[in-house]
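Please load the model in your viewer and keep a selection panel open. The tour below proceeds by selection, from one strand outward and then to the nonpolar interior.

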Amino acid sequence: MRVLIAEQDHANYAGLLAGAAPDLEILTSGDSAELALQAPQCSVWLGQPDLLASLLRQGHKPAWMQSTWAGITPLLADGLPRDYRLTRAVGIFGQVMAEYMLTYMLGHEREVLSRLVSQVERRWDDRPGGTLEGRKVLIVGTGDIGQRVAECLLPFGMTLYGIASTPREQAPFVEVAGLADLPRMVGQADYVLNLLPDTPATHDLYDAALFKCFQPSALFINAGRGVAVVDADLVQALKQGDLAGAVIDVCRQEPLPQRHPFWTAWGLLLTGHSSAPTSPAAMVRLFVENVRHYQAGQGLRGEVDFARGY
C-alpha cells in the first residue's frame, strides 16, 4: 500500500511510520508541486486538512484520507469532493486537553494573573485561594475529547454537566442536555468549557443573549472552534460583568488580526491555538491501527459522516 504524507512535519511522520509499518510505501515532500505529482500514485493520504484540501482542489482524490487534526473544516469547503472515506484524529487529544483546561481553571481559582500583578507592584497578596472541589463544570461537546476531559476532572470533586447534539445518559456526567438547553445549563455552571466542532448548528452560539445567562463568577474557556463565539458580544459581556473571565484558544481568524478587540479585552486571555497539539507518535499509532482495519475491510476509528460534518 502506498501512503502520501502531506504534513508540515512530514519527515518526522515518515520516519515514525516507516518504523511502525515497514510494509507501507511512503511518498512525501515539503514541496506542494511535488506532493501534487505524488498524490495520484497513492490511494491513502495522511496529513493536515489544509494541505489535503489543496490537493483535492487540484482534482486529486484518495480512497481514504486520515486527518492529523481533530477538526476537518478545510475538507468540508464548498466544491470539494465527498465521495471518499475520511477519518479524523480521535483518542489522542483528551489527556492534553484536560491538562489545558485544568491549567486555566486552577489559575482562575488561585488568581495567578492578579497575583503576578501584585508582585510587579510589590504588594503583599495574601488573599486565600479558591478550590475546584464542589464547582460545577459544563462541558459543551461530550464526544471523544469532552468525555476524556470529564474523566480527568472527576477526581477534583467537581460536578460535571454536558451538552451534546441531543440529550443522553453518559457517565460521569450528572446530566447531558441538548443544545437547546444551553441557556439553562450555563446558568448553573462555574466553568463553561466549549469543545464543540465547527458545524452550521454551532456557529454564533455564544452571543449576547447567552452570555446574559452566565453566572457573573463563571469562567468561559473556548478550545473548540472560534466560529462558536460572537466576538464583539463576548468583549461586551466581559465589560458588563456578565461573566468573570474568558480563556480563548481558538479564533475566527488565526493569527488574530492586530486590531482585533480580543487583544485588549478586560478579563480575556489568549492562548494562540495551543491547547491540544497533535503528537506525531500518537497520531502514527492511530493511523497504523486504522491501516490494519482498512486492509482487513473493517470499520475505521474516527470515520467522518459528511452530512454531520464530524
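In this predicted model, begin by selecting residues 44-67: strand β3, helix α3 (residues 49-57) and strand β4 form a β-α-β unit of right-handed sense.

Next, restrict the selection to β3, residues 44-47. Is each face of this strand buried or exposed? Both faces are covered, with Val-44 and Leu-46 buried on one side and Trp-45 and Gly-47 buried on the other.

Now add the strands that pair with β3. Strand β1 (residues 2-6) joins β3 in the parallel sense through four bridges. Strand β4 (residues 64-67) also pairs with β3 in the parallel sense, again over four bridges. Centre the view on Val-44: Val-3 of β1 lies opposite this residue, and Trp-64 is its bridge partner in β4.

Then turn to the nonpolar interior. The largest nonpolar core comprises 47 residues. Which of its members touch the most others? They are Met-101, Met-105, Val-149, Leu-153 and Leu-193. Select helix α10 (residues 280-295) as well, since this helix is the greatest contributor to the core, giving seven residues.

Select Met-101 and display its surroundings. Apart from neighbours within four places in sequence, Met-101 is in contact with Val-149, Leu-193, Leu-195, Ile-221 and Ala-223. Two of these partners, Val-149 and Leu-193, also appear in the list of core members with the most contacts to other members.

Finally, select Tyr-161, Val-229, Leu-238 and Leu-243, which belong to a second, separate core of 32 residues. As general background, nonpolar side chains in soluble globular proteins tend to be buried together.

Technical notes: Residues numbered from 1 in each chain as written. Predicted model: local features only at pLDDT ≥ 70, side-chain atom pairs only at ≥ 80, totals over all residues. Heavy atoms only, no water. Buried < 20%, exposed > 50% of the residue type's maximum accessible area, 1.4 Å probe, protein only. Helix = DSSP H or I, 4+ residues; strand = E, 2+ residues; numbered from the N terminus. Pairing = 2+ DSSP bridges. Right-handed = clockwise from strand over helix to strand, strands pointing away. Core = buried A, V, L, I, M, F, W, Y, C linked by side-chain atoms within 4.5 Å. Contact = heavy atoms within 4.5 Å.
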